[in-house]
Amino acid sequence: MAEAIYVGRLLVATPLLEDPNFRRSVVLILEHDEDGGTLGVILNRPSEIAVHQVLPSWDALVTGPSVLFQGGPVQTDSALALAAVMSGDEPLGWRRLQGKTSTRLGTVDLDAPPEILAGEITQMRIFAGYAGWAAGQLESEIREGAWYVVDSEPGDTFNSDPENLWRAVLRRQRNELAFVSTFPDDPTLN
């Protein structure tokens, strides 16, 4: 299963994953190294903190909703930004995700002046914290049935309805995972 984990893919929490940090989460893999571990951000956890309250200079470039997203339980006092750019070029202050596929998605240097990226960014989200796994930890969790590993689609990172992303990603799968999308929030109520 380790070969299925690579930058740009999604980790989708199975209904068995009850950890409140990851319950029904959709994680975009940003870095993966079998020896160094895995890093990603949770795409479907908008917070109630407006971007203009924390990083006002970036607010105009953020794709709605204009709030910080809870990227994961690690270093929640730091921010990480993802942005899509118009061209295949790498503008100053933006670094392309290094994966198996070419992408116009990358990370933003939030210390850079927003003006240098304003004309290049088409979509952007800012995440408080990230999700991280030590070498072999994620592979072990996948074997235990905590995560599905699926391909991402271009609209996932900046989905306009992030609260329903878990169901949407599962629903579009071509196997039994589509059925999992109907799993109730609380199965004891069935």
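Two strands count as paired if DSSP finds at least two bridges between them. In this predicted model, strand β2 (residues 26-33) and strand β3 (residues 37-42) pair in the antiparallel sense over six bridges, and a hairpin of three residues joins β2 to β3. Within this pairing, E31 has L39 in β3 as its bridge partner. Strand β2 also pairs with β1, again in the antiparallel sense, over three bridges, and here V12 stands opposite V26 in β2.

Just ahead of these strands is R9, which lies in the segment before β1 (10-13). Is R9 buried or exposed? Because buried means under 20% relative accessible area, R9, at 11% relative accessibility, counts as buried. Leaving aside neighbours within four places in sequence, R9 is in contact with A4, with V27, L28 and I29, and with V149, V150 and D151.

One of these contacts, D151, is also the salt-bridge partner of R9, with the closest N and O atoms 2.9 Å apart. The pair links distant parts of the chain, since R9 is in the segment before β1 whereas D151 is in the loop between β10 (147-150) and α3 (165-171), and the two residues are 142 residues apart. Side chains of opposite charge can pair when their charged atoms come close.

The structure holds five salt bridges, and the table gives three pairs with their N to O distances and the relative accessibility of each partner.

| Pair | N to O distance | Basic partner | Acidic partner |
|---|---|---|---|
| R9 and D151 | 2.9 Å | R9, 11%, buried | D151, 45%, partly exposed |
| R23 and E18 | 3.6 Å | R23, 29%, partly exposed | E18, 51%, exposed |
| R96 and E90 | 3.6 Å | R96, 15%, buried | E90, 45%, partly exposed |

In addition to these pairs, E153, D156 and R172 are linked in a network of salt bridges.

The largest pocket holds about 480 Å³ of space. Of the 22 residues that line this pocket, the closest to its centre are T103, L105, S152, E153 and P154, and E153 is also a member of the salt-bridge network with D156 and R172. Strands β6 (74-85) and β9 (121-133) each supply at least two residues of the lining. By class, the lining of the largest pocket is made up of nine nonpolar, nine polar and four charged residues.

Methods. Residues numbered from 1 in each chain as written. Predicted model: local features only at pLDDT ≥ 70, side-chain atom pairs only at ≥ 80, totals over all residues. Heavy atoms only, no water. Helix = DSSP H or I, 4+ residues; strand = E, 2+ residues; numbered from the N terminus. Buried < 20%, exposed > 50% of the residue type's maximum accessible area, 1.4 Å probe, protein only. Contact = heavy atoms within 4.5 Å. 1 Å grid on protein atoms, 1.4 Å probe; cavity = no way out; pocket = protein on both sides within 12 Å on 5 of 7 lines; lining within 4 Å. Points joined across faces, edges and corners; volume = space filled by probe spheres on them. Nonpolar A, V, L, I, M, F, W, Y, C, P; charged D, E, K, R; others polar. Salt bridge = Lys/Arg side-chain N within 4 Å of Asp/Glu carboxyl O.
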